[in-house]
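The following exchange examines how descriptive terms are justified for one protein model. Each reply sets a computed value against the criterion that applies to it.

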Amino acid sequence: MNKPLDHDTLSLVRTAPQNQELEQHLLGAILQNNEAFYRVSDFLKVEHFFIEPHRRIYDTITKLIRAGKVATPLTVKTFFAADETMADLSVTEYLTRLAANATTIINAEDYGRTLFDLSLRRQLISIGEDMVNEAYDAPPEATPRNQIEAVEKRLYELAETGRFDQGFVTFADALAAAVDMAAAAHDRAGGLSGIATGLSDLDRVMGGLQRSDLIVLAGRPAMGKTSLATNIGFAIARHFKPATSPGAKPADGGVVGFFSLEMSSEQLATRILAEQSGISSSHIRRGSITEEQFHDLVEAARQMQTVPFYIDQTGGITIGQLAARARRLKRQKGLDVLIVDYLQLLTGSGKRSSDSRVNEITEITTGLKALA
């Protein structure tokens, strides 16, 4: 029972989720009428096909159609070797049979989505197998936490791949969303469509912090970037009022996550406590405060205990780890504003990060925008 799973043995019992006939019908429909391709091309990729020859056929069809050419059995077969066979048939015979047995293109999108779902299941199986194998064969320096975050990252990427709701929307839908935003601004405190920062001039210009925004706060060292970001974040958390209905925006304020990559959570809390109590942070650290100031400090801390302001002080984390932790906070506590202090202390998690620091920063900012 303690031995690793023998996946070769399991593969004899269970085969990966796939549907060869569905792949054949879809390819045949596209070869018969190239209009079917445009019904699936925005989400169905070559790797979503299970049968290797079908991948090559779909890849050739894709290149032909996107080059402005017609994809038929005659045009596709020219990109395969003359003596090549598929399912004991010549390429010409196989392609002709696909087109001859094809059904109407009306079902093309449904076929494509089914094949996409089957591909997702195969990738889920792959992630699960890798997770089991890595847990058994983990090197001494690898921690379970790192493995969990790596798996969360792969699962999130899988969930975001090929989403069907990222295409065009009608102008009527866009107008409805704009009206909803205006109504939210009318009902919200301060008349803002986004979350108020607590700085009236900034809110007047930006309309508050908007969903999906990535905002970079830039400045020279020791100019107060951390102090400004901390004040904005805490002001948002302090004014938090839960939404009146599930799934709606908070009535005011929001839940804040703060990645403090340079400063410890105690240092950050001390800074916020000093600002809220009006007592110098240097005096707090040295303990040179009066009895009255100490009581003011305790009272300020008591009032701040219920503020939904969450701090992660882990230094040197990758953008992938940051995204995994942010998503976990979103699931467990909710999340409306995420602050990262600061950008240059993040590291990339992909191949591009090893090329140059410019590529690494590009990867980090792209990842942060996608996370937003």
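The questions below concern a predicted model and proceed from the whole chain to single residues.

Q: What makes up the chain, and how many of its residues are buried, as a percentage?
A: The chain has 16 helices and five strands. Of its 372 residues, 34% are buried. Among contacts between residues at least 6 apart in sequence, 66% join residues at least 24 apart.

Q: Why is G253 called buried?
A: The relative accessible area of G253 is 3%, and the term buried requires a value under 20%; G253 therefore qualifies. This residue lies in the loop between α11 (225-238) and β3. Its C-alpha atom is separated by 8.5 Å from that of P242, a residue 11 places away along the chain.

Q: Why does Q147 receive the label buried?
A: Q147 has a relative accessible area of 18%. Because the cut-off is under 20%, Q147 counts as buried. Q147 belongs to helix α8 (residues 144-160), and it touches M131, E134 and A135, leaving aside residues up to four places away in sequence.

Q: How do you know that A300 is buried, and which residues does it touch?
A: A relative accessible area of 9% was computed for A300, and the limit for the term is under 20%, so A300 is buried. A300 lies in helix α14 and touches L273 and S277, not counting residues up to four places away in sequence. The C-alpha atoms of A300 and A274 are 26 residues apart along the chain and are separated by 9.1 Å.

Q: How do you know that the length of α11 agrees with its number of residues?
A: Helix α11 has 14 residues, which at 1.5 Å a residue should span 20 Å. The end C-alpha atoms are 20 Å apart, so the two values agree.

Q: Which residues of α11 are buried, and what covers them?
A: The buried residues of α11 are T226, A229, T230, I232, G233, F234, A235, I236 and A237. Their cover includes α10 (200-206), β3, α12 (265-277), α14 (291-304), β4 (309-312) and β5.

Q: What makes the side chains of β5 alternate in description?
A: In strand β5 (residues 337-341), V337, I339 and D341 point to one face and are buried, whereas L338 and V340 point to the other and are not. In a regular strand the side chains alternate between the two faces of the sheet.

Q: How do you know that β3 and β5 are paired?
A: Pairing requires at least two bridges, and five bridges join β3 (residues 256-260) to β5; the two strands therefore pair. They run parallel. The bridge partner of F259 in β5 is V340.

Q: How many aromatic pairs are there, and why is the pair of F43 and F116 called edge-to-face?
A: The count comes to six aromatic pairs. The ring centres of F43 and F116 are 6.2 Å apart and their planes stand at 90 degrees. Centres must lie within 6.5 Å for a pair, and planes over 60 degrees apart count as edge-to-face, so both criteria are met. F43 lies in the loop between α3 (35-38) and α4 (52-66) and F116 in helix α7 (residues 108-136), so the pair ties together parts that are 73 residues apart in sequence. Both F43 and F116 are buried.

Q: Why is the pair of F234 and F309 called edge-to-face?
A: The centres of these rings are 6.2 Å apart and the planes are at 65 degrees. Because an angle over 60 degrees counts as edge-to-face, the pair of F234 and F309 takes that name. F234 in helix α11 and F309 in strand β4 are 75 residues apart, and the pair links these distant parts of the chain. Both residues are buried.

Q: What makes R113 a charge over the ring of F43?
A: The charged end of R113 sits over this ring, 5.8 Å from its centre. The distance criterion is within 6 Å, so the value for R113 satisfies it.

Q: Which residues have the most contacts inside the largest nonpolar core?
A: This core has 33 residues, and those with the most contacts inside it are L26, I30, L44, I57, Y58, I61 and V76. Helix α2 (20-32) is one of the elements that give it two or more residues, and α2 gives the most, with six.

Conventions:
Residues are numbered from 1 along each chain as its sequence is written. This is a predicted model: local features need pLDDT of at least 70, side-chain atom pairs count only at pLDDT 80 or more; totals for chains, interfaces and linings use all residues. Side-chain values use heavy atoms; hydrogens and water are left out. Buried means under 20% relative accessible area, exposed over 50%, partly exposed in between (1.4 Å probe, protein chains only). Helices (H or I, at least four residues) and strands (E, at least two) are DSSP runs, numbered from the N terminus. The expected span of a helix is 1.5 Å times one less than its number of residues. Contact means heavy atoms within 4.5 Å. Rings of Phe, Tyr and Trp (its six-membered ring) pair if their centres lie within 6.5 Å; planes under 30 degrees apart count as stacked, over 60 as edge-to-face and the rest as tilted. A charge sits over a ring if NZ of Lys or CZ of Arg is within 6 Å of the ring centre and within 35 degrees of the ring normal. A nonpolar core is a set of buried Ala, Val, Leu, Ile, Met, Phe, Trp, Tyr and Cys residues joined through side-chain atoms within 4.5 Å.
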